[in-house]
Amino acid sequence: MNPSVNLQLLRLLGLLVLGLLGQLAAVNGGGGDSDSNSDTGAISATLSQILPPNGESFFGKPAGRACDGRLVIDFIAEALRLPYLSPYMDSLGTNFRHGANFATGGSSIRKGGYSPFHLGVQIAQFMRFKSLSNRLISNSSSGEQVKAFIPDILGQLSQAIHQLYEEGARFFWVHNTGPIGCLPYSVIYYKSKTGNLDKNGCVKPQNEVAQEFNRQLKDMVLKLRRQFPLAVFIYVDVYSAKYAIISQAKDLGFVGPMEFCCGSYYGYHIDCGKKAMVNGTLYGNPCKNPLRHISWDGIHYSQAANIQIAKKILKGKLSDPLVPIGEACHYPKSKASGSP
C-alpha cells in the first residue's frame, strides 16, 4: 500500500467512524437506536452473539447485524463498490484493505451505555489502527433532561472530531439522528400521555428531542467547517429519510410502521432470536415476510427499509452541501467550508 492510498484510507476511516454517531438513543447512555444501525459484527464478536433469524433476508444466516439483512452502511459500501466493512473488534475473517468499522451496537458518545465501547474507546481504536497501519507501510430520562445533556455530548463529539483531524482525517460524513419516537419500542413504552402521538403514530416528545439534537448537531458542523477549512463536513438529514419512509409506509408496500417482524414486547418481552412458550402461546417466531416491515425487531430497521433509506441519502439530496456520497471525497473543500 503506497502513502497516497494510505492517506485515502485514513480519511475514509474518519468518515466511517463518525458516519452514524448522531444516533440520539446513545444520548441517555442506553442502547436503542445507537450504533447498532452501523455495527457489522463488533458486539456479536465481543459481548452478545447475534442469533437467527437475523440475517435471513440476505446472508441466509446471522452476519453480526441486528437486522434481517443489510444495513445502510452496507448499501453505502455497495454504492462505492467496496467490500462490506469488517468490524475492528472481530479477529476472524476480517479484511481491512478498504477500511474498518469501529461502530458497536449500544455504544454512546459518553461513558455508561450498554456497550463499553463508547466514542472515546472507538477513537482510541482508530488511532491504534492508524499507528499499526503506518508501521506496516513504513515497515432513559425525560425529554427535557436529555435536551440538557445535548451541549455536553456534542462538545465531546467535537473534541473527538478535533482528534481525528489531528490524526489526518479530512472528510467527515455526519448523519443526524433518526425519529426515535417512531420506533415501535418507543411507542409501546412511552406513549402514556394523551396526545403524545403524531399523525403517523410516533411519540412526539421523543421526536422533538431528536429534532433539537439535530439542530444543535448541524450548528456544530457549521462551526467545525469554519474551524477546519481544509476539511470537508457533509451533514446528512437521516431523520427526514427515515420519517419519509414511515409516513409513506403503505404507499411503499409496507405494513403499518409500528408493526415489527421479530421478537415481542406485547405482554411478554422476547428478544429477537429467542422463543418462549407462555400459557400455551409460542412467542418469538419471526414474521413470514420481513420485506413488508419497516421495523425488524421494534428497535432496528429491516433490510427492506434500509434499502429505501440508503437510496434517499446516497444521491445527496438530503445532504448539506448537496453532494452524493460517491463524490464526497472529491468535493472541493472551499465549497464545503462555505469559502468564496
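Q: Which residue just after helix 3 takes a positive phi?
A: Let's start at the end of helix 3 in this predicted model. Just past that helix, a phi of about 60° turns up, and the residue that takes it is Arg 81.

Q: Is helix 3 mostly covered or mostly open, and how many of its residues are buried?
A: Buried here means under 20% relative accessible area. Val 72, Ile 73, Asp 74, Phe 75, Ile 76 and Ala 77 of helix 3 meet that cut-off. Helix 3 is thus mostly covered, with the buried count at 6 of its 8 residues.

Q: How are helix 3 and helix 9 oriented to each other?
A: The two helices pack with their axes 8 Å apart, at an angle of about 50°. Angles between 35 and 65 degrees fall outside the parallel and perpendicular classes. Helix 3 and helix 9 are therefore oblique.

Q: How many residues of the contact of helix 3 with helix 9 are nonpolar?
A: Helix 3 brings Val 72, Phe 75, Ile 76 and Ala 79 to the contact, while helix 9 brings residues including Gln 303, Asn 306, Ile 307 and Leu 314. None of the contact residues is charged and 2 are polar, which leaves the nonpolar ones at 9.

Q: Which residues have the most contacts inside the largest nonpolar core?
A: This core has 36 residues. Among the elements that give two or more residues to the core are helix 3, helix 9 and strand 3. Another core, of 28 residues, lies apart from it. Inside the largest core, the residues with the most contacts are Trp 173, Ile 234, Ile 294 and Tyr 301.

Key
Residues are numbered from 1 along each chain as its sequence is written. This is a predicted model: local features need pLDDT of at least 70, side-chain atom pairs count only at pLDDT 80 or more; totals for chains, interfaces and linings use all residues. Side-chain values use heavy atoms; hydrogens and water are left out. A nonpolar core is a set of buried Ala, Val, Leu, Ile, Met, Phe, Trp, Tyr and Cys residues joined through side-chain atoms within 4.5 Å. Buried means under 20% relative accessible area, exposed over 50%, partly exposed in between (1.4 Å probe, protein chains only). Helices (H or I, at least four residues) and strands (E, at least two) are DSSP runs, numbered from the N terminus. Axes are lines fitted to C-alpha atoms, for helices over the stretch in contact, and angles run from 0 to 180 degrees between N-to-C directions. Angles under 35 degrees count as roughly parallel, over 145 as roughly antiparallel, 65 to 115 as roughly perpendicular and the rest as oblique. Contact means heavy atoms within 4.5 Å. Ala, Val, Leu, Ile, Met, Phe, Trp, Tyr, Cys and Pro count as nonpolar, Asp, Glu, Lys and Arg as charged, and the others, Gly among them, as polar.
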